[in-house]
Amino acid sequence: MMKFMMMMIFMMPLCFKKNMFWMVQNMLMMMVFLFMNLSINIISFCNLSYMMGCDLISYGLILLSIWISFLMIMASENLMKKKNYESFFLFNIIMLLLMLYLTFSVMNLFMFYLFFEGSLIPTLMLIIGWGYQPERIQAGLYLLFYTLFASLPLLLGIFYLYSEMNCMMMYFLKFYNYEFVFLYMCLILAFLVKMPMYFVHLWLPKAHVEASISGSMILAAIMLKLGGYGLLRILIILQKIGLKMNFIWVVISLIGGFYISLKCFCQIDMKSLIAYSSVCHMSIVIGGIMTMNYWGFLGSYVLMISHGLCSSGLFCLSNINYERLSSRSLFLNKGMMNFMPSLSFWWFLMLSSNMAAPPSLNLMGEISLINSLISWSWMTMISLMLISFFSAGYSLYLYSFTQHGNYNIGIYSFYMGVSREYLMLMLHWLPLNLLIMKVDYSMIWF
Amino acid sequence: MAEKYGISEGQFQLIQKQAERRAEMRQEFLKQRTNPFKHAAEAGYIFDPAHQKFLSMKVTQFERFQPNPRTSLFGVLTIIVPMLTYGYFIWNERNDREQKIRAGEMPYRDRLFKLC
């Protein structure tokens, strides 16, 4: 496990050499394959080294992180062409990847917190450094302060746990149980803000929209999943009180998810629509984790992986349009099938995966989560019906509005899809729709 | 002319003015669209100020929001009240199910999702 950390550390000086943009991307691709060769045990932590270990959940999320970092560089060719500080950009990505890798692989709860917070700084730099509009400053502040405000109680909670248990190892958390309501609130608030849950979701549309393509990709793919991963680890110690109080978060996130899916229909900005759809998916994930079922935990893991790929792909698609028209407005980006019919195919695949149509991995995640929520209480059927229906609704709305119909007559010029863009989309779609063939890699844990 | 169409003189003048304005805007649009020296690198489309105003309005909606009794009532009725009701019903249903199971009133075969 240390070898990946070393590889990332030594890639950092490589970013500053001349003409190393695609070389760093190649190295990340090799890292993906090296990481895939790591043999893991699905029922316990393995590959233990100094303070790092690999569980099934960690494995999937680290793999997703490296994969998305690789695709982020592929998406940012414009940056390299315009010489927009590309070496700092690469350094930022490697730094962020290192932080994320350490977040997911450390076994110590305090170290997890340290890198959880540490990953915010490179993200902030990606938003403010390479974003497009002046609103990105406010977006960066929202991201930073929402997360920091909620995670200070988490830090205090971790200190309390250390003073009580004298042990911070994740594997040993299952031997303890705390029925302290204040501790429960402190520990899970940070992850609910990160996920995000309905009432504290305001940072997400701002941050996703104002970030450049690479910032949006990493935010949608991985940063939201940090919250899910944290919840999966921390709820083990809060089981007893969780069984009593988790219904609050389930109710808030399910009804909130319904309202967010309605709000998606009101968006005029493509990226904003995709950002709100991320909140909607994460609301079902929160519902699933909070039911504390086996199916809930695994469904949330599968949906986290699949949403990471799908949302990232959708942001890539909207960026393809943005690069040509310098506008994300739906009013201008319509009738794209007239210009790029081949890309319509990829819009369709990504949006059908977004609405959890078969044979995508989202379907597997949503089926498991629907099962877990309905087993928890049949009344969740109402909100789940509404969320699923409107989720399909806004995905279809986005597809038909951007692809079908007449194009905007005010467009001057356009150019066809480039191979790099098709490759990027294929690399998003291929794991998403093929992993459902071998979903037992994600559905068997402890 | 107006009595030919069955409308008043004032309305006729208004419609004529609107048609003139529309023709002016159309000429401006076609002039920009067919301009051979356009700098498409700045933006790939003809800039429409009305569209920009609409986008700016949508983006600053949150900043221009002013809470008043009508909006507060809307928020409470559509968000807080459904969540509280839903939570109440779910809590009761789960509690009753748990009570029945603990008191032994629910036979094992009727317990759904027991292996979840």
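**Exercise 1.** In this predicted model, work out whether α5(A) and α7(A) are roughly parallel or roughly antiparallel to each other, and then describe the contact between α5(A) and α7(A).

*Solution.* Step one is to take the geometry: the axes of helix α5 (residues 86-105) of chain A and helix α7 (residues 120-130) of chain A come within 9 Å and cross at roughly 155°. Step two is to compare that angle with the cut-off, and since angles over 145 degrees count as roughly antiparallel, α5(A) and α7(A) are therefore roughly antiparallel to each other. The crossing of α5(A) and α7(A) has a left-handed sense. Step three lists the residues that meet: α5(A) contributes Phe88(A), Phe89(A), Asn92(A), Met95(A) and Leu96(A), while α7(A) contributes Pro122(A), Thr123(A), Met125(A), Leu126(A) and Trp130(A). Sorted by class, this contact of α5(A) with α7(A) holds eight nonpolar and two polar residues, with no charged residues.

**Exercise 2.** Decide how α8(A) and α10(A) are oriented to each other, and state which residues of α8(A) and α10(A) meet.

*Solution.* Begin again with the axes, which for helix α8 (residues 136-165) of chain A and helix α10 (residues 203-210) of chain A come within 8 Å and cross at roughly 135°. Angles over 145 degrees count as roughly antiparallel and those of 65 to 115 as roughly perpendicular, with the rest counted as oblique once the roughly parallel range under 35 is also set aside; α8(A) and α10(A) are therefore oblique to each other. The handedness of the crossing between α8(A) and α10(A) is left-handed. On the α8(A) side the contact involves Arg136(A), Gln138(A), Ala139(A), Tyr142(A), Leu143(A) and Tyr146(A), and these meet Trp203(A), Lys206(A), Ala207(A) and Glu210(A) in α10(A). The class count for the contact of α8(A) with α10(A) is six nonpolar, one polar and three charged residues.

**Exercise 3.** Lys206(A) forms a salt bridge with Glu63(B); find where the two partners lie, and judge whether Lys206(A) is buried or exposed.

*Solution.* The closest N and O atoms of Glu63(B) and Lys206(A) are 4.0 Å apart. Glu63(B) belongs to helix α4 (residues 61-64) of chain B and Lys206(A) to helix α10 of chain A, so the pair joins two chains. For accessibility, the cut-off for buried is under 20% relative accessible area, and Lys206(A), at 18%, is buried. Glu63(B), with a relative accessible area of 44%, is partly exposed.

**Exercise 4.** Examine the salt bridge between Lys81(A) and Glu77(A) and the one between Glu93(B) and Arg97(B), asking for each pair how many residues apart the partners are.

*Solution.* Take chain A to start with, where the side chains of Lys81(A) and Glu77(A) meet at 4.0 Å, N to O. Both residues lie in helix α4 (residues 77-81) of chain A, four residues apart, about one turn of the helix. Lys81(A) is exposed at 57% relative accessible area, whereas Glu77(A), at 17%, counts as buried. Turning to chain B, the side chains of Glu93(B) and Arg97(B) meet at 3.3 Å, N to O. Glu93(B) and Arg97(B) are four residues apart in helix α5 (residues 69-103) of chain B, which separates them by about one helical turn. Glu93(B) counts as buried at 15% relative accessibility, and Arg97(B) counts as partly exposed at 24%. Salt bridges with shared partners also join Glu77(A), Lys81(A), Glu323(A), Arg324(A), Arg420(A) and Glu421(A) into one network. Over all chains, the count comes to 13 salt bridges.

Key: Residues numbered from 1 in each chain as written. Chains lettered and ligands numbered in written order. Predicted model: local features only at pLDDT ≥ 70, side-chain atom pairs only at ≥ 80, totals over all residues. Heavy atoms only, no water. Axes fitted to C-alpha atoms, helices over the stretch in contact; angles between N-to-C directions. Left-handed = near helix turned anticlockwise from the far one by under 90°. Contact = heavy atoms within 4.5 Å. Nonpolar A, V, L, I, M, F, W, Y, C, P; charged D, E, K, R; others polar. Buried < 20%, exposed > 50% of the residue type's maximum accessible area, 1.4 Å probe, protein only.
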